[in-house]
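Visitor: Could you take me through one part of this protein slowly? I would like to follow a strand and the residues around it.

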Amino acid sequence: SNIANALDALLTSSAVDTASGVINTTSAALVDYTGLTTSITSASGEILLCLAQILVSHGRDQGVGNLAIDVDGATLISIPWRAAAVSTAGNTENIFALGFSSAPSLGAHTVKARWSTTGGTIYSASGTILALALQNT
């Protein structure tokens, strides 16, 4: 498609990391999502585009939390989410966060997914973090 071709022409580097295996959090403050950290190098004037995805599950109660993307220790974006209560345990939902930095400094950057919950325990069996460095033309 035209969009894919345009993005491909602007792409200078990319990095991805995936995690699998059930983990959980009860933290109300954002904590690192174990295994979802990657590094990417950008040149001067580039844009960093970052996407995080996690598959969450919770019990019969409503699942509530946040998914954030951090770049070099600073929160780029934090997305609150609320999963519907279900009549049986084990409801699963995909949660996504997309953010960009229009003026990252020259050099290497650490990109990581972070998460929290505002009630109870949330679980996740998998996730992905993707970082793209694009020419800003």
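Guide: Here is a close look at one strand, its contacts and the core it helps to build. This is a predicted model, where local features need pLDDT of at least 70, side-chain atom pairs count only at pLDDT 80 or more, and totals for chains, interfaces and linings use all residues. Residues are numbered from 1 along each chain as its sequence is written, and side-chain values use heavy atoms, with hydrogens and water left out.

Let's start with R114, which sits in strand β7 (residues 107-117). Strands here are DSSP runs of E, at least two residues long, numbered from the N terminus. R114 is buried, with a relative accessible area of 19%; buried means under 20% relative accessible area, using a 1.4 Å probe and protein chains only. The R114 side chain reaches the backbone oxygen of L30 at 3.0 Å. Contact means heavy atoms within 4.5 Å. Leaving aside neighbours within four places in sequence, R114 is in contact with L30, V31, D32, Y33, N66, L67, A68 and D70.

Now to V111. Together with I54, V111 touches the most other members of the largest nonpolar core, which has 23 residues. Such a core is a set of buried Ala, Val, Leu, Ile, Met, Phe, Trp, Tyr and Cys residues joined through side-chain atoms within 4.5 Å. At least two core residues come from each of β1 (11-25), β2 (31-42), β3 (47-58), β4, β6 (91-101), β7 and β8 (122-134). The largest share, five residues, belongs to β3. Not counting residues up to four places away in sequence, V111 touches several residues, including L36, I40, C50, I69 and I129.

Definitions and conventions
Helices (H or I, at least four residues) and strands (E, at least two) are DSSP runs, numbered from the N terminus. Buried means under 20% relative accessible area, exposed over 50%, partly exposed in between (1.4 Å probe, protein chains only). A polar contact is a pair of N or O atoms within 3.5 Å; within protein, one must be able to donate a hydrogen and the other to accept it, and residues adjacent in sequence count only if both atoms are side-chain atoms.
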